[in-house]
Amino acid sequence: MDELRDLYQEVILDHNKNPKNYFQMDEPTHSAEGHNPLCGDQVEIFLKVENDKIIDISFQGHGCAISKAASSVMTSILKGKSIAEAKYLFEKYQHLVTADINEAVNVDEYGHLAVFAGVREFPMRVKCASLSWHTLLQALENKTEMVTTE
Amino acid sequence: MTNTTKDFTADTRASHFDVEKIRKDFPILQQEVHGKPLIYLDNAATSQTPTVVVDALRKYYFEYNSNVHRGVHRLSQIATDAYEGTRKKIQHFLNAKSNEEIIFTKGTTDGINLIAASFGRGLIKQGDEIVISAMEHHSNIVPWQMMCEERGAKLRIIPINDNGEIIFEAYEGLLNERTKLVSIVHTSNSLGTVNPLREIIDLAHSKGVPVLVDGAQAVPHTHVDVQALDCDFFVFSSHKVFGPTGIGVLYGKKEWLQKLPPYQGGGDMILNVTFESTKFNDLPYKFEAGTPNIADVIGLGVAIDYIQKVGYSAISAYENELIRYAVQRLSEIEGLRFIGQAKKRAGAVSFVLENVHPHDIGTILDREGVAVRTGHHCTQPVMQRFKVPATTRASFAFYNTKEEIDALIKALYKVIEMFS
């Protein structure tokens, strides 16, 4: 059960139950839809960007606890950040959830994202944790086609 | 083995079914995953393989591996006899009239694609209609969509009710003079529904319409007699009936197979080739281009021997009791909702838990050693029909036990505890 608790930390379960920024935004400057055809997860990310800064960010959709919590945490930490910072955090997060399990990861560097450190022990769940972030990048690039994790 | 083979356990009651003895034939079941005994409840995705099948593959590769229908040498003769012997075995297994009606394919999907492509090219014109049901696997939807688009034909869908059963009156209403073929699943992989095939086929035939039956989820659980069903085409996969992956069977009535143009061209399917023209081979070779999957055909034959030795009546009785027990134990769980509650069902039980996504259930069950399928089960329209993104599916084989169902239930309570 230890590894399971690493994956399903209380913070993740809380975000799943009461997700933050869970609403459809009126007049977003950027948006994109992401889809994981294997498990049917679907997420939509909305952004308001002004002068390269994320003024507001929200999401909607349905998915497992990991994907919902990932969206909730992502939108929480990105509000007020610059696009460059968002892209930097994307890279950092990707490393956190995909790093080899034998590699030492200093979770202190990751702030609120650290709760996702357990994902790398569950390779089948990496896509759940990554979908909203990939969709975010898609939205920032203003691409209109749907993102899939396949 | 023929259809006169004795059903060794036919008159034994389910309670006398020696499941422990059967489990010894499946070495894969003896392992632990994540430190827990493996409880394999994903049989609708693929079934496990008994030792005798793997032994047959080994024997083929070590003792008589060679191409069929070609060499005059000894090994080729043995391989050809084993390959064609399996065709006869399957003819008797399905009670087909002739071994020419048995075509080896890559699997169910390949069989449906063969008929869709060949039927489409040979017999479908603009405005024609193909009828399928709302509970089809993607493999019995997409090949028809592709063909309909190519030929300018239309796909019509038989709706299903809240229990996951087809609405027969609606089916009746869909059949008309433009209907060229009905393609329907025998047993649903995501709902477990067993369709009333005789009625479906009789009605189609009364309007002169042929019927293809997707039997992928039927053959593991029930005896199929294609003449009794009177279906025109029947397809199934080896890997769901305890045989190797990558092989399957298409049964087709001879008059239909003769009428249809070949699917793929190549070696083995020809009688004579010049650059001007080719004379196609007779049935069944007309539909088997290229060197076939010889080893796995032979392996499938041994898997069928194995099933017949256990006996379908014993299998059905035992599995019905397993499913009854699974449904009863699952019903005790608060917040659990079944997706698919057909009166006649086999193989699989699908459900959703309040406030927990199936994907999370699957991960937690896996850590308890319990293998289930979570997702849309390649039946997205079924998920849309029941307004769920995905379900958790436990699917059974005759080597499963009530103790394993108890372990599933215990693991589900762990899920609920974690998410409460």
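1. **Cysteines.** In this predicted model, the sulfur of A:C128 lies 3.9 Å from the sulfur of A:C64, its closest cysteine partner. That is too far for a bond, because a disulfide needs the two sulfur atoms within 2.5 Å. Over all chains, the search finds zero disulfides. The surroundings of the cysteines vary. A:C128 is buried, at 1% relative accessibility. B:C378 is partly exposed, at 25%.

2. **Main core.** The largest nonpolar core holds 150 residues. Within it, A:F116 and B:L94 touch the most other members. In chain B, this core takes at least three residues from domain 1 (14-50 + 311-419) and at least three from domain 2 (54-308). As background, nonpolar side chains in soluble globular proteins tend to be buried together.

3. **Around B:L94.** Which residues does B:L94 touch, leaving aside those up to four places away in sequence? The list is B:I102, B:V224, B:D225, B:V226, B:F234, B:F236, B:V249 and B:Y251.

4. **Another core.** Apart from the largest core lies another one, of 25 residues. Its members include B:I103, B:L181, B:W256 and B:F287.

5. **Interface of chains A and B.** Here 23 residues of chain A are in contact with 17 residues of chain B. The two chains bury about 1600 Å² between them. Carbon and sulfur atoms carry 59% of that area.

6. **Polar links between the chains.** How many salt bridges cross the interface of chain A and chain B? The rule finds two. The side chains of A:E3 and B:R367 meet in a salt bridge, with N to O at 2.1 Å. Eight residue pairs are in polar contact across this interface, with both residues at pLDDT 80 or more.

7. **Domains of chain B.** The domain assignment splits chain B into domain 1 (14-50 + 311-419) and domain 2 (54-308). Domain 1 is thus written as two segments. The domain centres, taken over C-alpha atoms, are 28 Å apart. The contact between them takes 41 residues from domain 1 and 35 residues from domain 2.

8. **Interface of the domains.** Domain 1 and domain 2 of chain B bury about 3100 Å² between them. Of this area, 52% is on carbon and sulfur atoms. The salt-bridge count between the two domains is two. Polar contacts join 28 residue pairs across the domain interface, with both residues at pLDDT 80 or more.

9. **A salt bridge in chain B.** B:K343 forms a salt bridge with B:E165. Their closest N and O atoms are 3.9 Å apart, and the cut-off for a salt bridge is 4 Å.

Technical notes. Residues numbered from 1 in each chain as written. Chains lettered and ligands numbered in written order. Predicted model: local features only at pLDDT ≥ 70, side-chain atom pairs only at ≥ 80, totals over all residues. Heavy atoms only, no water. Buried < 20%, exposed > 50% of the residue type's maximum accessible area, 1.4 Å probe, protein only. Core = buried A, V, L, I, M, F, W, Y, C linked by side-chain atoms within 4.5 Å. Domains from an automatic or database assignment. Contact = heavy atoms within 4.5 Å. Buried area = accessible area lost by both parts, 1.4 Å probe. Polar contact = N/O pair within 3.5 Å; in protein donor to acceptor, adjacent residues only side chain to side chain.
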